[in-house]
Amino acid sequence: MKPLEGLYGFIRQHLTMVNAVVLFASTLVGLIDFLSPSLGALPTVIYALTTLLVLLMLVAAWFPLAWRRVLSALGCRADLAASAFWRRPVWRLLLGGMVAVSLVGLVSVVHSDRGGLMASRVPAARGLQESLLGVHRALGDMGQGLSGANAKLDVLVAASLDPQKDLQARGYALDANGLMKAIKQGDRRAVALFVQTGYRVDKQGPLSVLINGHQPWDPELVSLLSPAMFEHPQACQARSLLRWALKPPAQERAAAVERLCGPLP
């Protein structure tokens, strides 16, 4: 019997299954290659493991007696000799597939600095890869920014089910004077509670305190305030103070006022 006759017969009898496995392996290798710039060291680890499996299969075929001892030590049947495995078509087919996957994968890893094998050979694939991964990174950065802003507010008001009641318990009225008091005292949690209530400033006092108050400048506290809180016409009248000399840090104070109320007309 020819050495590969049994393998050819197995493939003919199980053609559908073999085609499905080949298609799955090809798709998986291609996907890993395409996404390699964002996967870090994962492709190297995967193909190192497949290469190790290939070596173990070859060692089992070349040293059947040692393989039999290993199987016996693992509690398997003693008649499961490696030579018997090697003669089975499915073993040879699996070995050939693993060799192909490992070779293509290692070539892909070598080209990882250029985006992978496909991207280094096909300019269109490289352009598509950069576009998709660029969109993914942009969405990730946007999500991190929003998460960071929300996290600050969530940490400060996490335990508040009734922010207005909590403000009163802390000694603040839900009005412009209460917000001014919170800003002067540097009470970030109170300012966050004002934001959570949906309070809208209707007097110029809070902005005046932000511009030229005697309290230390607290950028974290100021970042909690939103432009929506200062939509009332009276809320931004103190913006005219920007025409005069501001206390340090003058640029940060001016930038905060412009963020909340817009630039001077």
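## Helix 15 and its disulfide

Helix 15 comprises 12 residues (250–261), and because a rise of 1.5 Å a residue gives an expected span of 16 Å, the 16 Å between its end C-alpha atoms agrees with that value; the expected span is 1.5 Å times one less than the number of residues, and helices are DSSP runs of H or I, at least four residues long, numbered from the N terminus. The model is predicted, so that local features need pLDDT of at least 70 and side-chain atom pairs count only at pLDDT 80 or more, while totals for chains, interfaces and linings use all residues. Residues are numbered from 1 along each chain as its sequence is written, and side-chain values use heavy atoms, with hydrogens and water left out.

Within helix 15, Arg253, Ala256, Val257, Leu260 and Cys261 are buried, a term for under 20% relative accessible area (1.4 Å probe, protein chains only). Seen down the helix axis, the buried residues of helix 15 fall within an arc of 105°, so they line one face. Their cover includes helix 13 (205–212) and helix 14 (219–224). Just after helix 15, Gly262 has a positive phi of about 90°.

The structure holds one disulfide, defined as a pair of cysteine sulfur atoms within 2.5 Å. Cys236 lies in the loop between helix 14 and helix 15 while Cys261 belongs to helix 15, so the pair ties together parts 25 residues apart in sequence. The torsion about their S-S bond makes the disulfide left-handed, and both cysteines are buried.

| Feature of Cys236 and Cys261 | Value |
|---|---|
| Distance between sulfur atoms | 1.9 Å |
| Torsion about the S-S bond | about -75° |

How values were computed
Helices (H or I, at least four residues) and strands (E, at least two) are DSSP runs, numbered from the N terminus. Buried means under 20% relative accessible area, exposed over 50%, partly exposed in between (1.4 Å probe, protein chains only). The arc is that of the directions from the helix axis to the C-beta atoms. Contact means heavy atoms within 4.5 Å.
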